[in-house]
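Student: Before we begin, could you show me the model that we are going to read together?
Tutor: Here it is, and we will take its features one at a time.

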Amino acid sequence: MAEKITKFSGSTMAFVLAAGIVLVWGITGPLFHYSETWQLVINTGTTIITFLMVFLIQRAQNKDSLVLHLKLNELIAATRGASNRLINAQDFSEEEIRTLHDFYCALAEMAKQDNDLGKTHSVEEAEDNHNEKLAAHSE
């Protein structure tokens with residue numbers, strides 16, 4: 001149910017429906033003499049919907065994040081020369097993440113000192129890597 005509501009809430013139809021409700025509420029203002037009850041209706045409705053949407057948005061972000069991590073893990077696992085220790089890096093402690101970040105910052109600094117952007121990641125290296133993958137898959 002949450003997945004269907006999440007999909008609908010991001011649709012054009014949901015926006016049109018929400019805008020329509022606000023428009024009807026605004027038009028009925030003079031009919032209800034802009035009373036406190038009239039204001040309370042929209043305030044209560046929007047508060048409840050906002051409260052529930054926070055959880056739906058968080059659920060969608062958690063799912064997207066997990067899928068992204070799975071895809072990155074697959075790339076790391078399938079790439080020759082990539083460090084498998086980064087698989088499931090999202091589960092690392094903050095201290096472990098800081099340590100790895102410092103390591104990669106140091107590598108970036110060394111690469112800057114080379115003054116040759118093609119030196120470590122050339123087109124030829126990419127072609128060799130691609131050919132090795134093709135050969136591995138044909139075995």
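**Reading a predicted model**

Tutor: Let us start with a single residue: at 14% relative accessibility, L56 counts as buried, because buried means under 20% relative accessible area. Please keep in mind throughout that this is a predicted model.

Student: Where is L56 found, and which residues does L56 touch, not counting residues up to four places away in sequence?

Tutor: L56 is found in helix α3, and, once the residues up to four places away in sequence are set aside, L56 touches A2, I5 and T6. Look at T6 in particular, since L56 and T6 are 50 residues apart in sequence, and yet their C-alpha atoms are 6.2 Å apart in space.

Student: How should I describe the protein as a whole, and how many helices and strands does the protein have?

Tutor: A good habit is to list the elements before studying how they meet. The protein has six helices and zero strands, and when it is read along the sequence the pattern is α-α-α-α-α-α. Of its 139 residues, 6% count as buried, and residues 24 or more positions apart account for 29% of the contacts with a separation of 6 or more.

Student: When two helices pack, what do I look at, and at what angle do α1 and α3 pack?

Tutor: You look at the angle between the axes and at the distance between them. For α1 and α3 the angle is about 100 degrees, and the axes are 10 Å apart; α1 and α3 are therefore roughly perpendicular to each other, because angles of 65 to 115 degrees count as roughly perpendicular. On the α1 side the contact is made by A2, E3, I5, T6 and S9, and on the α3 side by M53, L56, R59, A60 and K63. Sorted by class, this contact of α1 with α3 has five nonpolar, two polar and three charged residues.

Student: Are α2 and α3 roughly parallel or roughly antiparallel to each other?

Tutor: The axes of α2 and α3 come within 11 Å and cross at roughly 170 degrees, and α2 and α3 are therefore roughly antiparallel to each other, because angles over 145 degrees count as roughly antiparallel. In this pair, V22, W25 and G26 in α2 meet W38, Q39 and I42 in α3. By class, the contact of α2 with α3 has four nonpolar, two polar and no charged residues.

Student: What lies in the loop between α2 and α3, and how do I read a phi angle there?

Tutor: Most residues other than glycine have a negative phi, so a positive value is a reason to look again. H33, whose place is in the loop between α2 and α3, has a positive phi of about 55 degrees although it is not a glycine. Y34 lies in that loop as well, and its phi is near 50 degrees, again a positive value in a residue other than glycine. As for their surroundings, H33 is exposed, with a relative accessible area of 68%, whereas Y34, at 48% relative accessibility, counts as partly exposed.

Student: How do I read a pocket, and which residues lie nearest the centre of the largest pocket?

Tutor: For a pocket, you can ask about its volume, then about its lining, and then about the elements that supply that lining. The largest pocket has a volume of about 330 Å³, and it is lined by 15 residues, of which A14, L17, A18, I21 and I49 lie nearest its centre. The helices α1 (2–9), α2 (12–27) and α3 (36–78) each supply at least two residues of this lining, and α3 gives the most, with seven residues. By class, the lining divides into eleven nonpolar, four polar and no charged residues.

Student: Is N73 buried or exposed, and with which residues is N73 in contact?

Tutor: N73, whose place is in helix α3, is buried, with a relative accessible area of 10%. Leaving aside its neighbours within four places in sequence, N73 is in contact with L86, I87, N88 and Q90.

Student: Which residues does I97 touch, not counting residues up to four places away in sequence?

Tutor: With those residues not counted, I97 touches A89 and F92. The place of I97 is in helix α4 (residues 94–114), and I97 is partly exposed, with a relative accessible area of 42%. The C-alpha atoms of I97 and L86, which are eleven residues apart along the chain, are separated by 9.9 Å.

Definitions and conventions. Residues numbered from 1 in each chain as written. Predicted model: local features only at pLDDT ≥ 70, side-chain atom pairs only at ≥ 80, totals over all residues. Heavy atoms only, no water. 1 Å grid on protein atoms, 1.4 Å probe; cavity = no way out; pocket = protein on both sides within 12 Å on 5 of 7 lines; lining within 4 Å. Points joined across faces, edges and corners; volume = space filled by probe spheres on them. Helix = DSSP H or I, 4+ residues; strand = E, 2+ residues; numbered from the N terminus. Nonpolar A, V, L, I, M, F, W, Y, C, P; charged D, E, K, R; others polar. Buried < 20%, exposed > 50% of the residue type's maximum accessible area, 1.4 Å probe, protein only. Contact = heavy atoms within 4.5 Å. Axes fitted to C-alpha atoms, helices over the stretch in contact; angles between N-to-C directions. Parallel < 35°, antiparallel > 145°, perpendicular 65-115°, else oblique.
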